[in-house]
Amino acid sequence: MEPKTLPLSGIKVVELATVVAAPTCARMLCAYGAEVIKVEALQGDVMRSGGVHEFVPYEDDLNPLFTIHNSNKKFLSLDLKKEKGKTILLDLLSHADVFITNIREQSLRRNGLDYETLKDMFPALIYAHFSGYGPKGPAAQNPGFDITAFWLRAGAVADWQTKDSFPFVPTYAFGDMATSSVFLSGILMALYAKEKTGKGTKVMTSLFANGIWCNAIGVVQTQFERKHLNPDPLRPCDPFSQTYRCKDGRWIGIYCNEYIKDKEKFAKLLGLEDIIDDPRYKDVETLQRTGSIVEITERCNRIFLTRTSKQWREYLSEHSISCEIMMESQEVSQDRQAIENRYMVPVEFPDKGHTTVMMPTPPLAFSRYACRTYKPTRGIGDNTEEILKEMGYSKEEIKALTEANVVR
């Protein structure tokens, strides 16, 4: 068998971005072969200390959260407010295929790092800009984050729980991670087009755009009769596409089934044979109109309390019913299905205790191509000297730049 190669080998990326979405996009490029230089301010990306509010270690030699989004990158720390710092960045960009940034447009223009300026300097450069709310409109310059721009403004949080209940809080950076994949696809399209035209372009996306896109069905659906997506739990659209509590206190979801086609099958499996010929249970429209949806849902609630979630999953799966137990995040790292498919892999960090953490992997696999294995991140400016040497700076010049606080 031929040894696997990295599909993006030879692509050079400069990242000037913080926190999660844009850095994760660069991390994906890096995982599949691109050389990514992450340019940080002298104090580093704020995500380096993200563990403080997520109750996860965040030391230089044990920083699993920062490693998720930044593994295998090279780290250069620059003060871009100093002319020499900006000169180094521009030199890096002169050799780059892609520039990824989530700095707000006003700041980029002020520092001469906006697309209009750089496209004339580097016409083949792919300039990938990520924002919270998009380049136009009253919120264009607002700080935009996962929870605000993706979740709150795009409608998901308001509709993903029973109306008037306290809003749920999504996992930190969930929307960022989803959005990074869309950003990645745009950059890959631009790279493909560049192969044919030799020209760069500006790639743009935002958290708000992706929040709307991910909630597209809800946004369209609520323009008609239904105004709230999560109905009364006793009035689901379909009692056989619903979540039920089991004997062990856990929940199981039975979803993506079709009421009319599967009604007889479900009725026999759950001991509800009387509904098969009862006209009040003819279809989902009749269930809603007659109010019999409440009756059957209450019966199902009682039935599912007679077995544990595991027993129900085994029983329903044996009969080809789509279902799954509602798992907790803490269980995923030990899920056999995830481990055998290498969706979760053990990574040893270089701290004093050589701590091993189960880490989620980039979710793409190829028959012919490889993905880089996890490499734990280290401290700020870990590769500064190495990068500057490759750029032609002497030891004396690097020392002078360090002493002048241009680099770290």
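**View 1. The largest nonpolar core and its best-connected members.** Of the 34 residues in the largest nonpolar core, those that touch the most other members are Val13, Leu29, Ile100, Phe183 and Ile187. Such a core is a set of buried Ala, Val, Leu, Ile, Met, Phe, Trp, Tyr and Cys residues joined through side-chain atoms within 4.5 Å; buried means under 20% relative accessible area, exposed over 50%, and partly exposed in between (1.4 Å probe, protein chains only). At least two residues of this core come from each of helix H1 (21-31), strand S4 (98-101), strand S5 (126-131), H7, helix H8 (156-159) and helix H9 (174-197). H1 gives the largest share, 8 residues. Helices (H or I, at least four residues) and strands (E, at least two) are DSSP runs, numbered from the N terminus. The model is a predicted one, in which local features need pLDDT of at least 70 and side-chain atom pairs count only at pLDDT 80 or more, while totals for chains, interfaces and linings use all residues. Residues are numbered from 1 along each chain as its sequence is written, and side-chain values use heavy atoms, with hydrogens and water left out.

**View 2. Leu29 and a second core.** Beyond its neighbours within four places in sequence, Leu29 is in contact (heavy atoms within 4.5 Å) with Leu8, Val13, Ala34, Ile100, Leu184, Ile187 and Leu188. A separate second core holds 26 residues, among them Ile37, Leu89, Leu93 and Ile387.

**View 3. Leu6, ahead of the first-numbered strand.** Leu6 sits in the segment before strand S1 (12-16) and is partly exposed, at 25% relative accessible area. Setting aside neighbours within four places in sequence, Leu6 is in contact with Ala31, Tyr32, Gly33, Ala370, Cys371 and Arg372. Look for Ala34 too: 28 residues separate Leu6 and Ala34 in sequence, and their C-alpha atoms are 8.3 Å apart in space.

**View 4. Two cysteines, each without a partner.** A disulfide is taken here as a pair of cysteine sulfur atoms within 2.5 Å, and by this rule the count is 0. For the sulfur of Cys256, the closest cysteine sulfur is in Cys323, 11 Å away and so too far for a bond. For Cys300, the closest is in Cys246, at 12 Å, again too far for a bond. Cys256 is exposed, with a relative accessible area of 74%, whereas Cys300 is buried at 0%.

**View 5. A nonpolar patch on the surface.** Phe145, Ile147 and Leu152 form this patch, with about 290 Å² of accessible area together. Ile147 belongs to helix H7 (residues 146-152) and is partly exposed, at 35% relative accessible area.

Definitions and conventions:
Patches are made of residues with over 30% relative accessible area and no salt bridge: like charges are joined within 9 Å, nonpolar side chains (Val, Leu, Ile, Met, Phe, Trp, Tyr) within 5 Å. Accessible areas come from the Shrake-Rupley method with a 1.4 Å probe; for residues, only the protein chains shown count as cover. A salt bridge is a side-chain nitrogen of Lys or Arg within 4 Å of a carboxyl oxygen of Asp or Glu.
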